[in-house]
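Visitor: Please take me closely through one part of this model, the side chain at a surface patch that you would start from, and then follow the side-chain contacts from there into the rest of the chain.

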Amino acid sequence: MTQPAAYPARPSPAAIFLAVGGLYVAQSVIGGLTMLGLPAVLRTQGLPLDQIGLVYLTILPWALKFLWSPQVERYRLPAVGRNRSAVIILVGGALSATMLAVLGLLGTERLAPVLACLVFIALFTSTVDIACDGFAVETLAEEHHGWGNAAQVGGSYVGSAIGAGLFLVLVDRLGWALAVWIMATVVLSLGLPFLLGPGSRPTSATRSHTPSLKAALRRSDVRKGMVLAAIYVSAQKWGLAMLGPFLIDYGFDLASVGILNGIGSMLVGFGGALVGGLLVRLCGAATVLIGALVLQVAMLVAFAYVGASGDVARSLVMTLAVASSSGVMAIGFVALYAQFMGLADPRQAGVDFTLFQCMDSLVGMAGGLGAGWIAERFGYPTFFLCAAAVSTVAVPMLAILLRRQPNSVGAERALP
């Protein structure tokens with residue numbers, strides 16, 4: 001008899017939240033180290049902004065992981081047999097930690113080998129993410145999707161607090177190598193809740209559906225989700241691509257930026273994820289997404305003013321940085337991921353969710369590369385004003401797109 005899912009008897013929601021939350025934290029430790037921590041370190045060494053922008057090339061595996069997501073899903077969900085999520089997560093986590101250890105040995109003097117190492121790490125973590133997303137969508141009951149979104153987004157901010165906050169403090173105190181090796185140990189330990197919990201008890205099942213890109217792209221919901229991701233990410237992420245170097249140039253040292261990233265992500269970001277889930281429940285996803293973009297426009301204009309004047313109190317600059325990079329972004333991305341989770345097909349959630357995230361990564365990478373070029377040649381005020389213009393244009397585009405999705409997720413996908 002054909003069973004409808006890989007886990008006929010679902011693990012408890014609390015166990016799933018803890019397990020997948022740990023995995024999302026681990027992925028974001030690496031992401032925070034790469035996207036926020038490393039650019040700040042490189043800027044303290046005097047590297048020009050256009051070269052720092054090359055760090056965004058490490059997003060490439062995240063942008064292209066849709067190419068191998070069907071193979072990962074077919075291996076993870078065989079036609080007959082046990083769910084293999086734990087195998088993918090164990091191997092991917094071990095390889096990521098190993099490459100982090102190598103990164104510690106490399107140092108930051110030569111950018112090319114550092115970027116090559118980070119690309120390999122991104123390849124392993126993006127593959128793990130396919131399995132993690134698929135596991136979350138297929139095992140969480142619909143009424144718990146909101147909490148799943150909060151675990152995903154909140155976990156990413158906790159990971160960023162470690163990878164971009166604690167990491168910079170450790171680099172400042174202990175040096176590059178020890179700091180990176182500590183991060184490798186953290187990444188390994190964060191996979192244990194999954195491997196010792198829900199991931200250790202897969203059940204056998206017979207599955208009639210074969211995951212594929214063709215099946216995903218035939219669905220209008222998937223196509224809408226990809227457009228939604230492109231619009232929203234260009235508006236929310238592009239303006240913050242040079243935030244770390246901007247703070248360094250404004251006079252903050254590495255430890256201060258690390259503390260800012262850590263406190264902002266751990267407290268404001270995680271709190272914003274929970275508030276975002278509640279707001280989606282009360283107001284609907286469309287309202288939350290548009291509201292977050294409007295706030296982002298205001299904050300980017302404020303950053304442009306700070307960059308032009310140069311005499312704004314550092315406490316106000318820090319408050320603005322935390323509010324924009326952690327609070328507003330967390331609220332918006334909970335609503336966005338609630339949309340994604342509702343649009344994904346549980347029979348191949350790893351493929352569908354991957355397509356959404358690949359669009360996210362591709363747009364983010366393009367913006368990061370362009371951000372370094374604009375900031376280096378025209379200065380931070382022009383860069384922030386350009387980003388504010390992009391966000392402003394995105395608001396009506398997003399409103400039109402969401403209005404065309406009357407059955408979009410929204411409140412019913414939010415916190416119960």
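Guide: In this predicted model, a good place to begin is Leu-95, which has a relative accessibility of 37% and therefore counts as partly exposed, since that value falls between the 20% below which a residue is buried and the 50% above which a residue is exposed. Leu-95 belongs to helix α5, and together with Tyr-75, Val-87, Leu-90 and Val-91 this leucine makes a nonpolar surface patch of about 430 Å². Helix α5, which covers residues 85–106, supplies the largest share of that patch, namely four residues. Tyr-75, another member of the patch, has a charged partner as well, for the charged end of Arg-84 sits over the ring of Tyr-75 at 4.6 Å from its centre. As background to the patch, the protein chain as a whole exposes about 15,800 Å², and 69% of that area is supplied by carbon and sulfur atoms.

From the surface we can turn to the interior. Of the 416 residues in the protein chain, 58% are buried, and the secondary structure of the chain consists of 17 helices and two strands. Among contacts with a sequence separation of 6 or more, 87% are made by residues that lie 24 or more positions apart.

The aromatic side chains give specific examples of pairing, as a search of the whole structure finds 18 aromatic pairs. In one of them, the ring centres of Phe-135 and Phe-194 are 4.9 Å apart and the ring planes meet at 80 degrees, so the arrangement is classed as edge-to-face. Because Phe-135 belongs to helix α6 (residues 111–139) and Phe-194 to helix α9 (residues 192–196), this pair ties together parts of the chain that are 59 residues apart in sequence. Phe-135 has a relative accessible area of 0% and is buried, and Phe-194, at 1% relative accessibility, counts as buried too. A second pair is formed by Phe-333 and Tyr-337, whose ring centres are 6.1 Å apart and whose planes stand at 45 degrees, so this pair is described as tilted. Here the partners sit in one helix, α15 (residues 314–343), where a spacing of four residues separates Phe-333 from Tyr-337 by about one helical turn; both of these residues are buried.

Aromatic residues also gather into a cluster made of Phe-246, Tyr-250, Phe-252, Phe-303, Tyr-380, Phe-383 and Phe-384. One member of this cluster, Phe-252, has a charge over its ring, since the charged end of Arg-314 sits there at 4.5 Å from the ring centre.

Charged side chains make a further set of connections, with a count of seven salt bridges. In one of these, Arg-43 and Asp-249 meet with a nitrogen-to-oxygen distance of 2.9 Å, and the pair links distant parts of the chain, because helix α1 (residues 13–44) holds Arg-43 while helix α12 (residues 243–250) holds Asp-249, with their positions 206 residues apart. Asp-249 counts as partly exposed, at 38% relative accessibility.

Two further salt bridges lead to helix α16. Arg-219 and Asp-352 meet at 3.0 Å, N to O, and they bring together the loop between α10 (213–217) and α11 (220–236), where Arg-219 is found, and helix α16 (residues 349–378), where Asp-352 is found, across 133 residues. Arg-219 has a relative accessible area of 25% and is partly exposed, whereas Asp-352, at 0% relative accessibility, counts as buried. These two residues are also linked with Asp-221 in a network of salt bridges. The other bridge joins the side chains of Lys-237 and Asp-360 at 2.8 Å, N to O; Lys-237 lies in the loop between α11 and α12, Asp-360 lies in helix α16, and the two are 123 residues apart. Lys-237 counts as partly exposed at 30% relative accessibility, while Asp-360, with a relative accessible area of 4%, is buried.

Note on methods
Residues numbered from 1 in each chain as written. Predicted model: local features only at pLDDT ≥ 70, side-chain atom pairs only at ≥ 80, totals over all residues. Heavy atoms only, no water. Patch = residues over 30% accessible without salt bridge, like charges linked within 9 Å, V, L, I, M, F, W, Y side chains within 5 Å. Areas by Shrake-Rupley, 256 points an atom, 1.4 Å probe, with all protein chains shown as cover. Salt bridge = Lys/Arg side-chain N within 4 Å of Asp/Glu carboxyl O. Buried < 20%, exposed > 50% of the residue type's maximum accessible area, 1.4 Å probe, protein only. Phe/Tyr/Trp six-rings, centres within 6.5 Å; stacked < 30°, edge-to-face > 60°. Lys NZ or Arg CZ within 6 Å of the ring centre and 35° of its normal. Contact = heavy atoms within 4.5 Å.
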